[in-house]
Amino acid sequence: MTERSRTYTWADPAPLTEATRTLDGLTLLTRIKDGDLPAPSIAATMGFRLAEVSEGCVVFEGAWQEYLSNPAGTLHGGWYGTILDSAMGCAVHSTLPAGTGYTTLEYKVHITRGAGPDAGTLRAEGVVVHRGRRTATAEAKLVDEKGKVYAHATTTCLIL
């Protein structure tokens, strides 16, 4: 058995936490994407990044990494859930005013194919379907560079 190790770093989350109290969601996410604010530590842990943001739409990108694989050698299902939940939740967040938060009430993921080392960069494209006063719904799909769907998901978020 050959052991491997992984070392990674992340930024102090305090500036991001403070910024969520004072910036609207679209500004906050744009500043994360542009590198002016640190990304949430889950992105470093799971190996993905915020690539695009506009009001009601967010795209995260990531790829197969050995440390994310399941026993079959494809991306673990939890990775699909995490990147899709991030895309959908942040799509909702992009519509919120400063000082307003949200939380995921539920989400459902449909994995349609396993992503292995040759899958390349995968894009989790999240979009708001409905944004009300107390709840919001969103959907996302995980696609490769050719548009092939690897998973799709839906969520309901509570606006706080």
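# Exercises on a predicted model

Asp24 caps the N-terminal end of α2, with a side-chain oxygen placed 3.1 Å from the backbone nitrogen of Leu26. The model is predicted, and the exercises below begin with this helix.

## Exercise 1: the helix α2

Determine which residues of α2 are buried, how they are arranged around the axis, and what they pack against.

**Solution.**

Step 1. Apply the cut-off: a residue is buried when its relative accessible area is under 20%. In α2, the buried residues are Gly25, Leu28, Leu29 and Ile32.

Step 2. Consider their directions. These residues cover an arc of only 90° around the axis, and therefore they lie on the same side of α2. The spacing agrees with a general rule: an α-helix has 3.6 residues a turn, so residues three or four places apart point the same way.

Step 3. Identify the partners. The buried residues of α2 pack against α1, β1, β2 (57-63) and α4.

Step 4. Examine what comes after the helix. α2 is followed by Gly35, which has a positive phi, near 85°.

## Exercise 2: His93 and its contacts

State whether His93 is buried or exposed, and list the residues that it touches beyond four places in sequence.

**Solution.**

Step 1. Locate the residue: His93 belongs to helix α4.

Step 2. Compare its accessibility with the cut-off. His93 has 11% relative accessibility, and because buried means under 20%, His93 counts as buried.

Step 3. List the contacts. Not counting residues up to four places away in sequence, His93 touches Gly25, Leu26, Leu28, Leu29 and Tyr102. Among these, Gly25, Leu28 and Leu29 are buried residues of α2, and Leu26 supplies the backbone nitrogen in the cap formed by Asp24.

## Exercise 3: the largest pocket

Describe the largest pocket by its volume, its lining and the classes of its lining residues.

**Solution.**

Step 1. Give the volume: the largest pocket has about 450 Å³.

Step 2. Count the lining. There are 25 lining residues, and those nearest the centre of the pocket are Leu16, Pro40, Ile42, Cys90 and Tyr102.

Step 3. Assign the lining to elements. Two or more residues each come from α1 (14-22), α2 (25-33), α3 (41-46), β1 (48-54), α4 (77-93) and β3 (102-111). The largest share is that of α4, with six residues.

Step 4. Sort the lining by class: 14 residues are nonpolar, nine are polar and two are charged.

## Exercise 4: Met88 and Thr155

Establish the accessibility of Met88 and of Thr155, and describe the contacts of each residue.

**Solution.**

Step 1. Place the residues. Met88 is in helix α4, whereas Thr155 is in strand β6 (residues 149-159).

Step 2. Read the accessibilities. Met88 has a relative accessible area of 0% and is buried; Thr155, with 3%, is buried as well.

Step 3. Collect the contacts of Met88. Apart from residues up to four places away in sequence, Met88 touches Tyr107, Gly126, Ala138, Glu139, Ala140, Ala153, Thr154 and Thr155.

Step 4. Collect those of Thr155. With neighbours within four places set aside, Thr155 is in contact with Met88, Thr104, Glu106, Tyr107, Ala136, Thr137 and Ala138.

Step 5. Add the polar contact. A polar atom of the Thr155 side chain lies 2.8 Å from the backbone oxygen of Glu106.

## Exercise 5: Gly56 and Leu158

Find where Gly56 and Leu158 lie, and classify each residue by its relative accessibility.

**Solution.**

Step 1. Begin with Gly56. This residue lies in the loop between β1 and β2, and at 9% relative accessibility Gly56 counts as buried.

Step 2. Record its surroundings. Beyond four places in sequence, Gly56 is in contact with Ala91, Ser94, Thr95, Gly126, Val127 and Val128. The C-alpha atoms of Gly56 and Arg131 are separated by 9.0 Å, although the two residues are 75 apart along the chain. Between Met88 and Gly56, 32 residues apart along the chain, the C-alpha separation is 9.1 Å.

Step 3. Turn to Leu158, a residue of strand β6. Its relative accessibility is 24%, so Leu158 counts as partly exposed.

Step 4. Record its surroundings in turn. Neighbours within four places aside, Leu158 is in contact with Gly101, Tyr102, Thr103, Leu105 and Arg134. Leu158 and Ala136 are 22 residues apart in sequence, with 6.6 Å from C-alpha to C-alpha.

Technical notes: Residues numbered from 1 in each chain as written. Predicted model: local features only at pLDDT ≥ 70, side-chain atom pairs only at ≥ 80, totals over all residues. Heavy atoms only, no water. 1 Å grid on protein atoms, 1.4 Å probe; cavity = no way out; pocket = protein on both sides within 12 Å on 5 of 7 lines; lining within 4 Å. Points joined across faces, edges and corners; volume = space filled by probe spheres on them. Helix = DSSP H or I, 4+ residues; strand = E, 2+ residues; numbered from the N terminus. Nonpolar A, V, L, I, M, F, W, Y, C, P; charged D, E, K, R; others polar. Buried < 20%, exposed > 50% of the residue type's maximum accessible area, 1.4 Å probe, protein only. Arc of directions from axis to C-beta. Contact = heavy atoms within 4.5 Å. Polar contact = N/O pair within 3.5 Å; in protein donor to acceptor, adjacent residues only side chain to side chain.
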